[in-house]
Every structure is written in C-alpha cells, then in structure tokens.
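Biologist: Could you take me slowly through a single part of this structure, and explain how its residues are placed?

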Amino acid sequence: MLESILDAIEQYRVEHELFTIIVAGNIDETGVFERAGYDMQYPLLARTSKR
C-alpha cells in the first residue's frame, strides 16, 4: 500500500514539475522510502529529481 502512495506522490511531482519531495514524520524503518529513491536528510527524507 505504501508503494502505491509513493507512486501517486511521484506522479504528482512529475505532473506539477516539482524537483523535491520531503517526507516528515515517521522515519523510514522498513526501507520503503530508500528503495523508492529517497535520501535521509535528518530529520527528513527527501527525493530530488535529476533535472
């Protein structure tokens, strides 16, 4: 389920030409965000496009 949420967030990011997505809250204990390309930028997780 979390993967489908991440897919929706990524689709939104692309459609709205955003370069960075920041996730605040529970830190990624299961590694799902890391596998999705997010980097730990304490205390947040962020994903930045390669543009």
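**A close look at helix 1**

Modeller: This is a predicted model, and I will begin where the helix ends: helix 1 is followed by E17, whose phi is positive, near 50°. Helix 1 itself runs over residues 2–15, which makes 14 residues, and from its first C-alpha to its last it reaches 20 Å, close to the 20 Å expected at 1.5 Å a residue.

Its buried residues are L6, E10 and R13. When you look down the axis of helix 1, these buried residues fall within an arc of 55°, so they line one face of the helix. A general rule helps here: an α-helix has 3.6 residues a turn, so residues three or four places apart point the same way. On the face of helix 1 that is turned away from the buried side, you will find the exposed residues D7 and E15.

Let us now follow one of the buried residues, R13, which lies in helix 1. R13 has a relative accessible area of 10%, and because the cut-off for buried is under 20%, R13 counts as buried. Leaving aside residues up to four places away in sequence, R13 touches L18, F19, I21 and S49.

Among these contacts, F19 lies in the loop between helix 1 and strand 1, which covers residues 20–23. F19 has 42% relative accessibility, and therefore counts as partly exposed. Although F19 and T48 are 29 residues apart in sequence, they are 5.3 Å apart in space, C-alpha to C-alpha.

Technical notes
Residues numbered from 1 in each chain as written. Predicted model: local features only at pLDDT ≥ 70, side-chain atom pairs only at ≥ 80, totals over all residues. Heavy atoms only, no water. Helix = DSSP H or I, 4+ residues; strand = E, 2+ residues; numbered from the N terminus. Expected span 1.5 Å × (residues − 1). Buried < 20%, exposed > 50% of the residue type's maximum accessible area, 1.4 Å probe, protein only. Arc of directions from axis to C-beta. Contact = heavy atoms within 4.5 Å.
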